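Student: I'm new to this one and a bit lost. Could you pick out a single part and walk me through it slowly?

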Amino acid sequence: MQEIENIVAFLQREALVLATAESCTCGLMASLLGDIPGCGKVLECGFVVYSPEAKNRLLEVNFDTIEEFGLTSEEVAREMAVGALRAASSANMAIANTGVADDDQEDEGGTQCYAYALKRGERVLVMSETVQFEGGRVEIRKQAAWHGLIRLPEMYVGLLKKLHGTASA
């Protein structure tokens, strides 16, 4: 729990207001933040979007992106993060997650795709990553939510570097 408290303190210190866009983690990231007093200052909203239709309707994820790259891809996660920023008027940072929670699936089991988006004025910058977890469905979802939040400070620094032209995604 201390690590999540540190994430809330980091968000406060950097004047970041977060929106989450969660598929596989189904709201666990927002819930973990919600356990920390003062989270209301740094969490504007959380979207739980499981179906392609919900991703499209609420976050404007393009059906062509889903068709070309798959529902659980970095490309979809990137569009989810950007869509969350667009839909959440006060948020200036978003984290999105999509993936496969069951590790018994042959090729994709435990695969989680993340995207982090930062809004500065009219510019929106995005970074993404794919991570593999092991365990049962619930364990993978918990690990995925935890990982997504713990990576926020490092991804924020990477996004700032992109903003200033000193890094690539």
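**A close look at helix α3**

Tutor: Let's take helix α3, residues 52-59, whose buried residues are Ala54, Lys55 and Leu59. Looking down the axis of α3, you'd find these buried residues within an arc of 100°, so they line one face of the helix. Keep in mind that this is a predicted model.

What do the buried residues of α3 pack against? Their partners are the strands β1 (18-22), β2 (43-48) and β3 (93-99), along with helix α5 (74-87).

Now zoom in on Lys55, which sits in helix α3. Lys55 is buried, yet it has no salt bridge. The nearest side chain of opposite charge belongs to Glu53, and that one is 8.6 Å away; a salt bridge would need the charged atoms within 4 Å. What Lys55 does have is polar company. Its side chain makes a polar contact with the side chain of Ser23, at 2.9 Å. A polar atom of the Lys55 side chain also lies 2.9 Å from the backbone oxygen of Tyr50. Setting aside neighbours within four places in sequence, the residues in contact with Lys55 include Ser23, Tyr50, Val76, Met80 and Thr98.

Glu60 is on that contact list for Lys55 too, and it's worth a stop of its own. You meet Glu60 just after α3, in the loop between α3 and α4 (63-69). Its phi is positive, about 60°, although Glu60 is not a glycine. Why point that out? Most residues other than glycine have a negative phi.

Cys26 does something similar: it isn't a glycine either, and its phi is positive, near 50°. You'll find Cys26 in the loop between β1 and α2 (28-34). Remember that β1 is one of the elements the buried residues of α3 pack against.

Since we've landed on a cysteine, how many disulfides does the structure hold? Zero. The cysteine sulfur closest to that of Cys26 is in Cys24, 8.7 Å away, which is too far for a bond. Seen from the other side, Cys24 has its closest cysteine sulfur in Cys26, again at 8.7 Å and too far for a bond. As for their surroundings, Cys24 is buried, with a relative accessible area of 2%, while Cys26 counts as partly exposed at 37% relative accessibility.

To come back to where we began: α3 has one face lined by its buried residues, and one of them, Lys55, is buried without a salt bridge but has a polar contact with the side chain of Ser23.

Technical notes:
Residues are numbered from 1 along each chain as its sequence is written. This is a predicted model: local features need pLDDT of at least 70, side-chain atom pairs count only at pLDDT 80 or more; totals for chains, interfaces and linings use all residues. Side-chain values use heavy atoms; hydrogens and water are left out. Buried means under 20% relative accessible area, exposed over 50%, partly exposed in between (1.4 Å probe, protein chains only). Helices (H or I, at least four residues) and strands (E, at least two) are DSSP runs, numbered from the N terminus. The arc is that of the directions from the helix axis to the C-beta atoms. Contact means heavy atoms within 4.5 Å. A disulfide is a pair of cysteine sulfur atoms within 2.5 Å. Lys and Arg count as positive and Asp and Glu as negative; His and the chain ends are not counted. A polar contact is a pair of N or O atoms within 3.5 Å; within protein, one must be able to donate a hydrogen and the other to accept it, and residues adjacent in sequence count only if both atoms are side-chain atoms.
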